[in-house]
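The following note is meant for a colleague who is opening this structure for the first time. Please read the numbered points with the sequence and the model side by side.

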Amino acid sequence: MRFKTNTEHNHHHNYDEVFGVSLSVLIARADEKSVTMPSGLTREQRREWAIKTARKVQS
Amino acid sequence: MGDQNGTQSSIVTYAQYTVDFSESFSTFYAALSEMPTRLNILDCIDDFIEHFEDNGLRGWKGKIAPSTRLPATIPEPKRSTLIAHAEAKKLWHVHIGDPSFRDTGNGYSVSDGVLHFQKLSSYRIKLLEVGYHRPMELPTDVD
């Protein structure tokens, strides 16, 4: 399965793509707010952190 | 500052490797984490995160490259503008082994799946997006 973070990507070929992602999308992602991942987490802890963080971002 | 023997000692602090998520990537990673079936891509992302936390970018088995090598077919001046933006935003990508790594014989491996990130410094990256190259097309950064 192949994933991208949302559906903004064009299904047609974009000649500014880098490995399937439009450079303009990457630039927009870079300009988004950042959340800093706590260091030293186990995978399960990291995933729990990510779920809580995403809920905060979306609320 | 001295120790019990009266000899001088100093506290040495090491720069910590830090990983940021873009808000979109945070949502994406959380969605993968909540899936009832664990997908390979999530473990590939975690493998790279854990490597970076311990070592930075050094020593990762997959190819790491700046995302500035756009096809020459993009008309100018658009191509130069895009490259300038990619450089200004410090856009890089790393091959993370999804679905698997392939040895190139050049000291690193490549995979269809890559993780796009912003290289804010040698000690800090911001994860942006997962992408795949089309198997029927030549990737832009294979040597």
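1. A starting point is the contact between the two chains, where 43 residues of chain A are in contact with 57 residues of chain B. It should be kept in mind throughout that this is a predicted model, and that the values below are computed from it.

2. The size of an interface is often given as the accessible area lost when the parts come together. For chain A and chain B the buried area is about 4400 Å², and 58% of it lies on carbon and sulfur atoms.

3. Charged and polar pairings also cross this interface. The count of salt bridges between chain A and chain B is twelve, and an example to look up is the pair A:Arg47 and B:Asp43, whose side chains meet in a salt bridge at 3.2 Å, N to O. Polar contacts across the interface of chain A and chain B come to 25 residue pairs, both residues of each being at pLDDT 80 or more.

4. Which elements of chain A supply at least two residues each to the side that touches chain B? They are strand E1 (17–18), helix H1 (23–31), strand E3 and helix H2 (43–58) of chain A, and the largest share, twelve residues, comes from H2(A). By class, the side of chain A that touches chain B holds 19 nonpolar, eleven polar and 13 charged residues.

5. The two chains also share a sheet, which is open, has six strands and runs in the order E3(A)-E1(B)-E7(B)-E6(B)-E3(B)-E2(B), with mixed pairing. Strand E3 (34–36) of chain A and strand E2 (64–66) of chain B stand at the edges with a single partner strand each, so one side of each is left without a neighbour in the sheet. From one strand to the next, the twist averages 35°.

6. The place where the sheet passes from one chain to the other deserves a separate look. Strands of a sheet pair through backbone hydrogen bonds, either parallel or antiparallel. Here E3(A) and strand E1 (residues 18–22) of chain B pair in the antiparallel sense over three bridges; A:Val35 stands opposite B:Phe21, and A:Ser34 stands opposite B:Ser22.

7. Helix H1 (residues 23–34) of chain B lies across strands from both chains, namely E3 of chain A together with E1, strand E6 (113–121) and strand E7 (124–132) of chain B, and this helix runs at about 90° to E1(B).

8. Some backbone details in loops of chain B are worth checking by eye. The peptide bond from B:Glu76 to B:Pro77 is cis, with omega near 5°, and B:Pro77 sits in the loop between E2 and helix H3 (78–88). A cis peptide bond also joins B:Asp98 and B:Pro99, with omega about 0°, where B:Pro99 belongs to the loop between strand E3 (91–95) and strand E4 (102–103) of chain B.

9. Finally, B:Lys90, in the loop between H3 and E3 of chain B, has a phi near 60°, a positive value in a residue other than glycine.

Conventions: Residues are numbered from 1 along each chain as its sequence is written. Chains are lettered from A and ligands numbered from 1 in the order in which they are written. This is a predicted model: local features need pLDDT of at least 70, side-chain atom pairs count only at pLDDT 80 or more; totals for chains, interfaces and linings use all residues. Side-chain values use heavy atoms; hydrogens and water are left out. Two strands pair if DSSP finds at least two bridges between them. Helices (H or I, at least four residues) and strands (E, at least two) are DSSP runs, numbered from the N terminus. Axes are lines fitted to C-alpha atoms, for helices over the stretch in contact, and angles run from 0 to 180 degrees between N-to-C directions. Contact means heavy atoms within 4.5 Å. Buried area is the accessible area (1.4 Å probe) that two parts lose on being put together, summed over both. A salt bridge is a side-chain nitrogen of Lys or Arg within 4 Å of a carboxyl oxygen of Asp or Glu. A polar contact is a pair of N or O atoms within 3.5 Å; within protein, one must be able to donate a hydrogen and the other to accept it, and residues adjacent in sequence count only if both atoms are side-chain atoms. Ala, Val, Leu, Ile, Met, Phe, Trp, Tyr, Cys and Pro count as nonpolar, Asp, Glu, Lys and Arg as charged, and the others, Gly among them, as polar.
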